[in-house]
Amino acid sequence: MAASHRPTHKEIYTYTAPWPVYGLHWSQRPGAFRLGIASLTETNSNKLQVIQLFNKGGDFVKIAEADHSLPVTKFMWSPFHGMGPDLFATSGDYLRLWELVTPDEAMDTGLLESSPGSGGPPGTASLNAAASAASGAGAAGGGGGGVGGGGGGGGHPPSVSSNSTSSGGGYIGTPAVEQRPIICRATLANVRRVGQQEYCAPLTSFDWNETDPSLCVTSSIDTTCTVWDVETQQAKTQLIAHDKEVFDVAFSKGVNVFASVGADGSVRMFDLRSLEHSTIIYETPAATPQGIASAATPGHPSLLRLAWNKQDPSYLATFQQDTNAVLILDIRVPAIPVTELHGHASAVTAIGWAPHSSGHICTTGEDAQALVWDISQMSTLKHIQDPLLAYTADSEINQMSWSKTSPEWIAISHGNSVQALKV
């Protein structure tokens with residue numbers, strides 16, 4: 001991944017899905033060069049897939065697939081805390097918890113190769129959001145050189161072993177790979193009752209707590225954020241987080257603090273130990289149409305996504321709808337961005353901090369570019385315009401994920417393609 005040329009074969013791996021890809025996240029299990037992906041189609045028959053690289057001379061192959069009704073707004077693997085079930089979650093109409101089952105476990109439990117559907121199974125956890133909102137109302141590798149050096153696993157994915165292949169699956173030109181079942185372990189729903197009818201507000205995003213993996217927080221178009229205990233499958237608390245739709249939510253480093261962004265144009269920070277109050281970190285300037293007095297402004301432009309710097313939790317990144325700038329915020333100095341990143345030619349679509357470095361962040365945009373930034377000089381530069389690295393894809397990039405276990409790899413999705421880029 002460089003500013004002047006496309007990566008060589010050993011610096012890029014590609015997978016082509018049979019549908020447009022939106023959900024994307026690296027597995028956090030050490031030793032697994034594995035991605036979870038989800039489709040984005042305007043139907044009731046979307047798909048989840050798990051893809052993996054077995055041979056550093058080849059490309060990704062599918063190892064598992066499951067049905068998902070409505071499109072997924074976020075796909076995320078569980079933080080790794082010792083050996084245990086290989087879990088991931090998806091948000092959309094519900095928060096669903098899934099398990100990627102090992103072949104041995106599938107044989108022991110009698111599971112078939114294909115996974116069950118994703119409809120709400122018996123035992124679906126629900127929450128009376130109206131009652132909760134009324135009581136809790138408040139105010140989103142290894143030693144490789146360059147950015148990816150220092151941390152995690154080796155500089156290359158593991159090679160295929162003699163027992164890694166078997167009959168049943170794979171694409172032309174790739175080894176046949178045993179397909180693993182995906183089973184839906186739980187479906188968690190926010191249920192509102194309006195008169196005699198129940199209403200389940202769609203979820204826009206969620207985050208999994210890295211320190212305490214029993215905690216997930218979701219954001220919804222109904223202005224709320226809900227904190228879930230995924231082990232008991234019960235809601236711990238729900239609060240009205242914004243004045244309008246909440247578009248994204250993220251935990252800080254540690255257990256108690258999270259932040260959210262939404263259609264009201266604000267970044268708000270919450271502490272689970274004191275949910276009676278929230279802190280507004282930033283608000284977008286009110287939009288003023290040309291020729292109209294400021295008293296008639298239509299409001300604050302929306303903030304779409306939020307990323308928390310886990311290596312230095314004083315810093316957040318966010319971006320405004322339909323703009324090409326990424327804002328870096330210091331929670332110790334609210335209201336004014338500490339710096340802005342101006343490198344995209346069109347709207348920003350996704351952001352993600354390096355998991356091993358406090359001074360690097362990746363941004364993607366509708367201009368088909370994935371940019372890696374060095375923000376170590378942000379205290380002296382209010383606008384940074386030159387990225388450290390750049391890669392141009394074949395079409396607009398809609399999602400990215402920076403690998404925690406192999407931090408020299410960044411994954412992007414554009415159209416039907418998923419690519420892993422070595423940085």
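The following conversation goes through some strands and residues of this predicted model.

Colleague: Why is Thr-339 called buried?

Modeller: The cut-off for buried is a relative accessible area under 20%, and Thr-339 has 0% relative accessibility, so Thr-339 counts as buried. Thr-339 lies in strand β23, which covers residues 339–342.

Colleague: What does Thr-339 touch, leaving aside residues up to four places away in sequence?

Modeller: Thr-339 touches Val-326, Leu-327, Ile-328, Met-378, Leu-381, Lys-382, His-383 and Ile-384.

Colleague: What makes the approach of the Thr-339 side chain to the backbone oxygen of Lys-382 a polar contact?

Modeller: The side chain of Thr-339 reaches that backbone oxygen of Lys-382 at 3.3 Å, and because a polar contact needs a pair of N or O atoms within 3.5 Å, the distance meets the limit.

Colleague: Why is Ser-278 called partly exposed, rather than buried or exposed?

Modeller: Ser-278 has a relative accessible area of 22%, and since buried means under 20% and exposed means over 50%, the value falls in between and Ser-278 is therefore partly exposed. Ser-278 has its place in the loop between β18 (266–271) and β19 (279–283), and its C-alpha atom is separated by 8.3 Å from that of Ala-241, a residue 37 residues apart from Ser-278 along the chain.

Colleague: How do you know that strand β14 is mostly covered?

Modeller: Six of the six residues of β14, which spans 224–229, are buried. Thr-224, Thr-226 and Trp-228 point one way from the strand, whereas Cys-225, Val-227 and Asp-229 point the other way, and all are buried.

Colleague: How do you know that β14 pairs with β13 and with β15?

Modeller: Two strands pair if there are at least two bridges between them; five bridges join β13 (residues 215–220) to β14, and six bridges join β14 to β15 (residues 234–240), so both cases satisfy the condition. The two pairings are antiparallel, with Leu-215 having Asp-229 as its bridge partner in β14, and with Trp-228 standing opposite Ala-235 in β15.

Colleague: Which residue in the turn between β14 and β15 has a positive phi?

Modeller: Gln-233 has a positive phi of about 60°, in a hairpin with four residues between the strands.

Colleague: What makes β2 and β5 edge strands?

Modeller: Four strands form an open sheet in the order β2-β3-β4-β5, with antiparallel pairing, and β2 (21–26) and β5 (61–68) each pair on one side only. Within this sheet, β2 pairs with β3 (residues 34–39) over five bridges, and His-25 has Gly-36 in β3 as its bridge partner.

How values were computed. Residues are numbered from 1 along each chain as its sequence is written. This is a predicted model: local features need pLDDT of at least 70, side-chain atom pairs count only at pLDDT 80 or more; totals for chains, interfaces and linings use all residues. Side-chain values use heavy atoms; hydrogens and water are left out. Buried means under 20% relative accessible area, exposed over 50%, partly exposed in between (1.4 Å probe, protein chains only). A polar contact is a pair of N or O atoms within 3.5 Å; within protein, one must be able to donate a hydrogen and the other to accept it, and residues adjacent in sequence count only if both atoms are side-chain atoms. Contact means heavy atoms within 4.5 Å.
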